[in-house]
Amino acid sequence: MYAFWQQWLRQKGVNLDEQGQQPIEAHLRQVAALERETVLAPLDNFVLLRVEGEDAEAFLQGQLSNDIRQVQPGEAQYSTYSTAKGRMLASFLIWRRGNAYYLMVSADIAPAIAKRLTMFVLRSKVKITMDEEWFVLGMSGPQAAHILQSHFAEAANLEKMRTAEQDDGALLRLPHHGYLLALRRGSGLESDISKLENVVAVSPAVWSLHDIRAGIAWVTGETQEQFVPQMANMELIGAVNFKKGCYPGQEIVARSQYLGKMKRRMFLVAFDQSLTVGCKLYSPDLPEQSIGMLAAVCQVEASGYLGLAVVQSQTWDAGVFGDEGHAIALRKLELPYSIDPIAE
């Protein structure tokens, strides 16, 4: 983690190991704080790719699943990047700052994604870099808007998926009532935010609970090339535009949308034993094969977990399990959106 915020976490009593883990007692205290207090989370599990140049818009329009032309100053969108077979290599949260596009992506895959995108620049006037000038944080809770309003006048009235910015920072209102902060490293704004006393520090793993409950799964190294966008409900969170032009995997994505109901969908789930992102899921209904994969997980109690699971929808009647012996049962919960296809 960026040393500045690593030290801040330690001063706040949050001690993470090299894998970003901490004692379960501390983790669960932070989960409880996320429910009722104002929290701040340094999100070193994400980095920003900056895409700029005369042809940046046209280039991204030909690579990503959403309509990049809709990302005007002050607006943000989710999007995905797929192989020619329609399998997701990455998912993004995108906004503009001046003429540059900022793509927030899981840190573990960011270097490979930047390299792959650069391969397709060819003669286009586009520059793609991993932007180390900025660091990303999350803030949520009852006092978040009030606190942020002293730095961003628009904070209290900012609509979801809208942005506000100043010289040393950008603020984005997330779909789950939280905020994303992109701060310039070493800036006065970063220093001011770090000195807030009325916030509780939480880890990136705890912050992920917001996305899980919102039904938003990030593509990571464990889940690359495992899902077409609709399997992970990406079109339901506005990450896919079916009316735009061609991009890698577009034919497969369109066919999946219009030629019958999706066999696999992502569900919010609860379970009682530890499972890891990327683990295979099973059902007695199809005993000879895996029927899905866990896409996200967060421990919420001593023996309780919430996650997002991509599974064959037909298998819920027989049961979905996190092991071949059918000992770890997954319970389906309600997502904040319907998984019925959206008519285009």
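Me: What makes a residue "buried" here?
Reply: In this predicted model, buried means under 20% relative accessible area, and exposed means over 50%. By that cut-off, A110, I113, A114 and L117 of helix α4 are buried.

Me: How do you know which side of α4 these buried residues are on?
Reply: A110, I113, A114 and L117 cover an arc of only 100° around the axis, so they sit on the same side of α4. On the other side of the helix, K115 and M119 are exposed, which means that each has over 50% relative accessible area.

Me: What covers the buried residues of α4?
Reply: The cover includes helix α3 (56–61) together with β2, β3, β4, β5 and β6. Helix α4 itself, residues 110–119, lies across those five strands, running at about 170° to β6.

Me: What is the order of the strands in the sheet?
Reply: The sheet is open, with 5 strands in the order β3-β4-β5-β2-β6 and antiparallel pairing. From one strand to the next, the twist averages 30°.

Me: Why are β3 and β6 said to stand at the edges?
Reply: Strands β3 (76–82) and β6 (127–130) each have a single partner strand, so one side of each is left without a neighbour in the sheet.

Me: How do you know that β3 and β4 pair?
Reply: Pairing needs at least two bridges between two strands. Here 7 bridges join β3 to β4 (residues 88–97), so the two count as paired. They run antiparallel, and one of the bridge partnerships links T80 with S91 in β4.

Technical notes
Residues numbered from 1 in each chain as written. Predicted model: local features only at pLDDT ≥ 70, side-chain atom pairs only at ≥ 80, totals over all residues. Heavy atoms only, no water. Helix = DSSP H or I, 4+ residues; strand = E, 2+ residues; numbered from the N terminus. Axes fitted to C-alpha atoms, helices over the stretch in contact; angles between N-to-C directions. Contact = heavy atoms within 4.5 Å. Buried < 20%, exposed > 50% of the residue type's maximum accessible area, 1.4 Å probe, protein only. Arc of directions from axis to C-beta.
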